[in-house]
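User: Could you walk me through this model and explain the reasoning behind each label?

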Amino acid sequence: MEKTGNAIILIILGLIVLAFPLLGVIPFSVLTGVAVLFLGLGLLFMGAASMGESLVMGIIELILGFLALIFGLGFIFNPALFSFVAALFVFIAGIFLIIAGIVAIAAKTTGSRWTGLVALILGIIYIIVAAFIKDPLYLGILIGLWLLITGIIMLFQKD
């Protein structure tokens with residue numbers, strides 16, 4: 001019974017996010033921003049504390065801490081930055097999949113050629129998706145579809 005309730009909540013949330021796509025991006029952006037902000041603060045404190053032991057390590061931690069603070073605040077106050085970074089990571093993953101696919105296709109074993117072809121196709125799909133999700137509106141639609149599909153699958157899944 002609890003699983004059915006969760007599935008219905010996911011379906012309702014998915015429909016709401018599909019109707020208002022930015023409602024799906026803003027919470028993810030803010031939550032990620034808060035997490036990255038805390039990471040930045042932690043890195044700043046660790047960098048200041050480790051300056052006595054290793055100057056280079058302390059400076060690196062301080063630099064990473066400041067960068068994390070900038071990104072954290074950017075994610076909190078600008079969901080478009082979150083969409084851009086998400087698209088960048090998906091694009092990089094697509095490039096890696098394409099490279100791995102080409103390497104597997106170039107290998108002489110039969111099984112790796114099919115695996116390589118699948119990786120190549122997935123890499124191309126990742127790059128196409130990355131081109132769309134750099135816009136927060138499309139990222140919101142993708143989040144809404146994910147919530148809706150997950151809810152539907154949960155609803156019809158047997159225990």
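What follows is a set of questions and answers about this predicted model.

User: Happy to start with the record. Where does UniProt place the feature "transmembrane region"?

Analyst: The unreviewed UniProt entry puts that feature at residues 7-24, 30-48, 55-77, 83-107, 114-133 and 139-156. For two of these spans there are computed values to go with the record. Residues 55-77 are 100% helix and 0% strand, with end C-alpha atoms 33 Å apart. Residues 83-107 are 96% helix and 0% strand, and their end C-alpha atoms lie 36 Å apart.

User: How do you know that helix 1 has close to the expected reach?

Analyst: Helix 1 has 18 residues, and at 1.5 Å a residue the expected span is 26 Å. From its first C-alpha to its last, helix 1 reaches 26 Å, so the value is close to the expected one. Helix 2 can be treated in the same manner: with 28 residues it reaches 40 Å, close to the 40 Å expected.

User: What makes the buried residues of helix 1 line one face?

Analyst: The buried residues of helix 1 are Ala-7, Leu-10, Ile-11, Gly-14 and Val-17. Viewed down the helix axis, the buried residues fall within an arc of 130 degrees, so they line one face of helix 1. A helix has 3.6 residues a turn, so residues three or four places apart point the same way. On the other side of helix 1, Glu-2 and Ala-19 are exposed. Helix 2 and helix 6 are among the elements that cover the buried residues of helix 1.

User: Why is Leu-15 called partly exposed?

Analyst: Leu-15, which sits in helix 1, has a relative accessible area of 48%. The partly exposed class runs between 20% and 50%, so Leu-15 belongs there with its 48%. Leu-15 also has a partner far along the chain: Gly-144 is 129 residues away in sequence, yet the two C-alpha atoms are 6.6 Å apart in space.

User: Which residues of helix 2 are buried, and what do they pack against?

Analyst: The buried residues of helix 2 are Gly-24, Val-25, Ser-29, Gly-33, Val-36, Gly-40, Leu-43, Leu-44 and Gly-47. They pack against helix 1, helix 3, helix 4 and helix 6.

User: Why is Ser-29 called buried?

Analyst: The cut-off for buried is under 20% relative accessible area, and Ser-29 has 1%, so it counts as buried. Ser-29 lies in helix 2. Leaving aside neighbours within four places in sequence, Ser-29 is in contact with Phe-75, Ile-76, Asn-78, Pro-79 and Phe-82.

User: And what makes Ser-83 buried?

Analyst: Ser-83 has 0% relative accessibility, which is under the 20% cut-off, so Ser-83 counts as buried. The place of Ser-83 is in helix 4. Not counting residues up to four places away in sequence, Ser-83 touches Val-25, Ile-133, Lys-134, Asp-135, Pro-136 and Leu-139.

User: Which residues have the most contacts inside the largest nonpolar core?

Analyst: That core has 15 residues, and those with the most contacts inside it are Val-25, Phe-75, Phe-82, Leu-139, Ile-143 and Leu-147. Helix 1, helix 2, helix 3, helix 4 and helix 6 each give two or more residues to this core. Helix 6 gives the most, with 4 residues. As for Ile-143, it touches Val-17, Gly-24, Val-25 and Phe-28, with residues up to four places away in sequence not counted.

User: Why is the pair of Phe-75 and Phe-82 called edge-to-face?

Analyst: A search of the whole structure finds 3 aromatic pairs. In the pair of Phe-75 and Phe-82, the ring centres are 5.7 Å apart and the planes stand at 85 degrees. Centres within 6.5 Å make a pair and planes over 60 degrees apart make it edge-to-face, so Phe-75 and Phe-82 qualify on both counts. Both residues count as buried, because Phe-75 has 6% relative accessibility and Phe-82 has 13%. Ring pairs also link Phe-71, Phe-75 and Phe-82 into a cluster.

User: What makes Phe-132 and Tyr-138 an edge-to-face pair?

Analyst: Their ring centres lie 5.6 Å apart and their planes are at 75 degrees, so this pair is edge-to-face too. Here the residues are partly exposed: Phe-132 has 46% relative accessibility, and Tyr-138 has a relative accessible area of 38%.

Definitions and conventions
Residues are numbered from 1 along each chain as its sequence is written. This is a predicted model: local features need pLDDT of at least 70, side-chain atom pairs count only at pLDDT 80 or more; totals for chains, interfaces and linings use all residues. Side-chain values use heavy atoms; hydrogens and water are left out. UniProt positions are given in the numbering used here, feature names are shortened, and annotations may be inferred rather than shown by experiment. A nonpolar core is a set of buried Ala, Val, Leu, Ile, Met, Phe, Trp, Tyr and Cys residues joined through side-chain atoms within 4.5 Å. Buried means under 20% relative accessible area, exposed over 50%, partly exposed in between (1.4 Å probe, protein chains only). Contact means heavy atoms within 4.5 Å. Rings of Phe, Tyr and Trp (its six-membered ring) pair if their centres lie within 6.5 Å; planes under 30 degrees apart count as stacked, over 60 as edge-to-face and the rest as tilted. The arc is that of the directions from the helix axis to the C-beta atoms.
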